[in-house]
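Q: Please take one part of this model, look at it closely, and then follow the connections outward for a reader who has not met the structure before.

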Amino acid sequence: MGTMGAGTDGTAGERRQLVNIAYRLLGSVTEAEDAVQDAYARWYGLPRGRQEEILSPGAWLTTVTGRICLDLLSSARARRERYVGAWLPEPLPDRTERDHTDGVGPTGPADPADQIVMDESVAMAFLVVLESMTPAERVAFVLHDVFRYPFAEIADVLGRTPAACKQLAASARRRVGGARAPVTATGRSDVVRRVKVAWETRDIAALVNLLDPAAVMTADGGGMVGTVLRPVEGGARIAEYMAAIADRAPGLELLERSVNGVPGLVARRAGVVMTVASFGISEGRVTHIWAVRNPEKLRPWGREG
């Protein structure tokens with residue numbers, strides 16, 4: 001578990017890595033930051049002598065953060081049964097596209113969302129697949145396949161043998177399937193741009209052509225804003241729904257933005273972000289739309305400029 005520890009001084013550089021792990025495990029920036037804060041509180045709560053006995057403070061913090069996330073994932077299923085409508089992971093903007101209109105700029109307090117590295121493991125399609133895993137599968141898979149932790153260390157997090165953790169990761173890997181196979185950035189941007197234009201012009205025929213016949217749209221309003229509570233299935237039905245929204249939402253504008261590191265769309269009114277949409281794309285057509293409208297999940301977007 002590493003060489004000689006550095007006591008409390010050895011923990012400061014671990015926060016970014018821990019936030020990245022926790023977000024991928026929990027799908028929520030707020031919950032990820034809370035989990036990491038809890039882990040640090042436990043670290044600083046240890047007697048000085050106990051801290052000095054720990055050879056790798058970073059490994060200790062990772063283990064504790066992983067266990068906290070495991071507990072949260074185990075309780076999340078019950079909480080989500082009470083959630084109004086579908087639950088989707090919290091979408092993230094690129095740091096370069098953030099508009100710090102509240103006066104807090106790059107030199108101000110760090111936002112946890114700014115610490116998250118954008119790669120294929122935070123794409124909405126991938127996070128949604130992670131949601132289908134058991135808590136233990138998700139922890140084993142994320143720590144091993146995404147962050148390359150050895151199964152011997154993952155065993156400490158899950159309280160299982162390394163062999164059992166290896167089986168959990170293999171089971172999770174089968175669930176992932178092709179979710180990590182990316183469409184080229186250029187191809188994805190082109191499809192998203194065409195969806196935007198078709199929506200703005202109320203061109204239902206163009207939308208239908210852009211949507212896979214078996215496409216599914218899932219919206220997350222959390223019971224706080226109006227939206228469909230169940231997924232809308234079928235390209236034609238989704239196109240009609242999108243056109244109806246355009247007719248009922250005067251003053252709403254669509255912007256092409258990076259969402260969790262890949263091209264997506266942001267809908268805003270009077271500078272306030274109302275919806276963030278992510279897309280699953282295959283063979284030039286949209287197979288999934290994930291639309292997050294829950295205001296609590298849109299806080300990292302602030303007032304988009």
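A: Tyr44 has a relative accessible area of 48%, so Tyr44 is partly exposed. The model under discussion is a predicted one. By contrast, Tyr40 has a relative accessibility of 5% and therefore counts as buried, the cut-off for a buried residue being under 20%. Both tyrosines belong to helix H2, where 4 residues, or about one turn of the helix, separate them.

The structure contains 3 aromatic pairs. In one of them, the ring centres of Tyr40 and Tyr44 are 6.2 Å apart and the planes meet at 25°, so this pair is stacked; the class requires planes under 30 degrees apart. Tyr40 also has a charged neighbour, since Arg15 lies over the face of its ring at 4.6 Å from the centre. Another arrangement of this kind involves Arg202, whose charged end sits over the ring of Trp199, 6.0 Å from the ring centre.

A further aromatic pair can be set beside the tyrosines. Which residue is paired with Phe126, and is that pair stacked or tilted? The partner is Phe141, and the pair is tilted, with 6.0 Å from centre to centre and 45° between the planes. This pair joins distant parts of the chain, for Phe126 is in helix H5 and Phe141 in helix H6, 15 residues apart. With a relative accessible area of 1%, Phe126 is buried, and Phe141 likewise counts as buried at 1% relative accessibility.

Phe126 leads on to Ser121, which lies in the loop between helix H4 (57–81) and helix H5 (124–131). Apart from its neighbours within four places in sequence, Ser121 is in contact with Arg24, Phe126, Leu127 and Val146. Its relative accessible area is 1%, so Ser121 is buried. The side chain of this serine makes polar contacts with the side chain of Arg24 at 2.7 Å and with that of Asp119 at 2.5 Å.

Phe141 leads on to the largest nonpolar core, which has 50 residues. The residues with the most contacts inside this core are Tyr23, Val139, Phe141, Ile154 and Leu158. Two or more residues are given to the core by each of the helices H1 (15–26), H2 (29–44), H4, H5, H6 (135–146), H7 (151–158) and H8 (162–176). For Ile154, the contacts beyond four places in sequence are Ala140, Leu143, His144, Tyr149 and Cys165. A second core, separate from this one, has 29 residues, among them Val192, Val228, Ala277 and Ala291.

The strands complete the picture. Strand S5 (residues 272–282) is mostly covered, with 8 of its 11 residues buried. On one side of the pairing pattern, strand S4 (residues 262–269) runs antiparallel to S5 over 5 bridges, and Ala267 stands opposite Thr275 in S5. S4 and S5 form a hairpin with 2 residues between them, and Ala270 in the turn has a positive phi of about 55°. S5 is also joined by 7 bridges to strand S6 (residues 285–292), again in the antiparallel sense. Here Gly280 has His288 in S6 as its bridge partner. The hairpin of S5 and S6 likewise has 2 residues between the strands, with Glu283 taking a positive phi near 50°.

Note on methods: Residues numbered from 1 in each chain as written. Predicted model: local features only at pLDDT ≥ 70, side-chain atom pairs only at ≥ 80, totals over all residues. Heavy atoms only, no water. Buried < 20%, exposed > 50% of the residue type's maximum accessible area, 1.4 Å probe, protein only. Polar contact = N/O pair within 3.5 Å; in protein donor to acceptor, adjacent residues only side chain to side chain. Contact = heavy atoms within 4.5 Å. Pairing = 2+ DSSP bridges. Core = buried A, V, L, I, M, F, W, Y, C linked by side-chain atoms within 4.5 Å. Phe/Tyr/Trp six-rings, centres within 6.5 Å; stacked < 30°, edge-to-face > 60°. Lys NZ or Arg CZ within 6 Å of the ring centre and 35° of its normal.
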